[in-house]
There are 2 protein chains.
Amino acid sequence: METVAIIGVGLIGASFGLALRKAGFEGEILGVSSPRSIEAGLKAGAISRGVSLAGAAESADLIYLSQPIEGILDTLKELGPLVRPDCLVTDAGSTKALIVSTAEEHIRAGNFLGGHPMAGKERRGAEAADCNLFRGRPYVLTPLHVLTPVGESSTRVAEFRSWLERIGAHVLEMDPQEHDQTVALSSHLPQLLSTALAATLAKQNSEHISKVFGPGLLDMTRLALSAPEVWMGVLATNKAAVREALGAFQMSLSELQLRLEQDSLLEFFNAAGRFSAKIRNAPYSV
Amino acid sequence: METVAIIGVGLIGASFGLALRKAGFEGEILGVSSPRSIEAGLKAGAISRGVSLAGAAESADLIYLSQPIEGILDTLKELGPLVRPDCLVTDAGSTKALIVSTAEEHIRAGNFLGGHPMAGKERRGAEAADCNLFRGRPYVLTPLHVLTPVGESSTRVAEFRSWLERIGAHVLEMDPQEHDQTVALSSHLPQLLSTALAATLAKQNSEHISKVFGPGLLDMTRLALSAPEVWMGVLATNKAAVREALGAFQMSLSELQLRLEQDSLLEFFNAAGRFSAKIRNAPYSV
């Protein structure tokens, strides 16, 4: 793997470039992005130069799609006829089912591997890139296409996995649908609750709320700072699972409201505390 | 102010003791608590020695009630006949209306001042005490009784406020009811959402959730680790305001669910993001 092309040089893409460099990758890292993002990516040292998508497809051994989901879908269609037989196309989109099925339609079998790094920040763009963003975090691969790898692309998959390990990610494999259902609960639901909490407080006619709060409110509203454009694509491409996750939360909230009236919330709190402790002891916890 | 007594040597009480010491307080700091907490408080350097409540009332110039709310209510009743005329009793309870009215009933007017430090941690006990816990954080006083300070207690109030400033707290004054309505939204609602989120995920029959998540889930479930015993008292003494806060959240959640179906969540996300940014620029933000 000598040449990597990062399509969408934002927080994730630029962090991937920086992480590769830190892990010892010495090849060229091409960037395909807006002029502003190319400039920021060059300044951060995440890419070597900016090129067109066709230029990237011509020489890249690995094409890393790190745009918002709609951008990934568009690029997959455009890339279809351009991908070299020995090139691996992968993506970092937060939902997988639609991306994987779109790739199936447009990219040669064996040349695509879906991925999702479970990492992020509320800050955006290459300016916020971090060579350690993936370190200690799960990196889900959805290897639908690579169950029967074709020709040289199977080598590329092994190479790509090995780089993911070198940048410190914990690689997991999941089915795309299973992935989407899991993240609807573990990622999309927390995001929506943070946003709904901040939206609720924003609507209150109180001069005090923004002065009288503890560190807990900052935790609970951090995700609400996430880029809305990115989330519109995530939610639009995982609506059924998100609807179900919100339904499950709604049931818990109703139980909580009932138990509040009955002064019987202790076991509810204890079960929640046990879960929170459990995910902190998980091997992938920060 | 030469002698301070801390009733309830847990996280808040022991942190107050450590903060006083760090700010230069050289008097005695008495502790009234369980043997285990007294031992931990002595080890942390937060108190000088353990005494009985009657012993504390005999010599303390400031009595600082930092127990769970039920403990504070019980202690106020017990303290009534014991408080010296030049002693100030204050508390660190998370709700104020019931505590202040109980104090009105049992403590001489002018000898009580309600308080609420907007600080905390998910870890408990004197072992987790931190001399900087109050630094940069709001400290609400509900000076119902001290509008007409009597005798020497007005000096004590001024002294206490001055120590709060020396330990780095931002002192604010609020009416007890106004305080309780504000924290129902800014503190109790975030706690309940964190707990309900963790309870929702705990109920899912998924081996993946506890492996596949990003740092956002850790933020959103940190409050769920808070001591349930403490929260039972908070919720029981602020039920009406908490009910209203949950109702306001429920309205936002319904709006979110509707907008999810309509793909029209952008402005909802933007409003939430603006609020989150605003509280981060607030003078009291960490």
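A rotation of 180° with 0.0 Å of shift along its axis places chain A upon chain B, with an RMSD of 0.0 Å; the superposition is a least-squares fit on the C-alpha atoms of residues with pLDDT of at least 70 in both copies. The two copies are thus related as by a two-fold rotation axis. The same surface serves both copies, since 100% of the contact residues of chain A recur in chain B, where contact means heavy atoms within 4.5 Å.

This is a predicted model, in which local features need pLDDT of at least 70 and side-chain atom pairs count only at pLDDT 80 or more, while totals for chains, interfaces and linings use all residues. Residues are numbered from 1 along each chain as its sequence is written, chains are lettered from A and ligands numbered from 1 in the order in which they are written, and side-chain values use heavy atoms, with hydrogens and water left out.

The sheet of chain B may be considered next. Strands of a sheet pair through backbone hydrogen bonds, either parallel or antiparallel. Helices (H or I, at least four residues) and strands (E, at least two) are DSSP runs, numbered from the N terminus, and two strands pair if DSSP finds at least two bridges between them. In chain B, eight strands form an open sheet in the order 3-2-1-4-5-6-7-8, with mixed pairing. Strand 3 (49-50) and strand 8 (170-173) of chain B stand at the edges, each with a single partner strand, so one side of each is left without a neighbour in the sheet. The partner of strand 8 of chain B is strand 7 (residues 138-142), and the two pair in the parallel sense over four bridges. Within this pairing, L141(B) has E173(B) in strand 8 of chain B as its bridge partner.

Towards the other edge, strand 1 (residues 3-7) and strand 2 (residues 28-32) of chain B are joined in the parallel sense by five bridges, and A5(B) stands opposite L30(B). Four of the five residues of strand 2 of chain B are buried, so this strand is largely enclosed by the rest of the structure; buried means under 20% relative accessible area, exposed over 50%, and partly exposed in between (1.4 Å probe, protein chains only).

In chain A, strand 1 (residues 3-7) and strand 2 (residues 28-32) also pair in the parallel sense over five bridges, and T3(A) stands opposite E28(A). Five of the five residues of strand 1 of chain A are buried, so the strand is largely enclosed by the rest of the structure. In a regular strand the side chains alternate between the two faces of the sheet. For strand 1 of chain A both faces are covered: T3(A), A5(A) and I7(A) lie buried on one side, and V4(A) and I6(A) lie buried on the other.

The aromatic side chains form a further topic. A pair of aromatic rings is described by the distance of the centres and the angle of the planes. Rings of Phe, Tyr and Trp (its six-membered ring) pair if their centres lie within 6.5 Å; planes under 30 degrees apart count as stacked, over 60 as edge-to-face and the rest as tilted. Over all chains there are 14 aromatic pairs. The rings of F16(A) and Y64(A) have their centres 3.9 Å apart and their planes at 5°, so this pair is stacked. The pair links distant parts of the chain, for F16(A) is in helix 1 (residues 11-22) and Y64(A) in strand 4 (residues 62-65) of chain A, 48 residues apart. Both F16(A) and Y64(A) are buried. By contrast, F134(B) and Y139(B) form a tilted pair, 6.2 Å from centre to centre with 50° between the planes. F134(B) is buried at 1% relative accessibility, and Y139(B) is buried at 0%. In chain A, one aromatic cluster is made up of F16(A), Y64(A), F134(A), Y139(A) and F160(A).

A charged side chain may also meet a ring: R166(A) lies over the face of W163(A), at 3.8 Å from the ring centre, and R166(B) lies over the face of W163(B), again at 3.8 Å. A charge sits over a ring if NZ of Lys or CZ of Arg is within 6 Å of the ring centre and within 35 degrees of the ring normal.

Finally, most residues other than glycine have a negative phi, and most peptide bonds are trans. D263(A) has a positive phi, near 50°; this residue is found in the loop between helix 10 (239-261) and helix 11 (266-281) of chain A, and is exposed at 51% relative accessibility.
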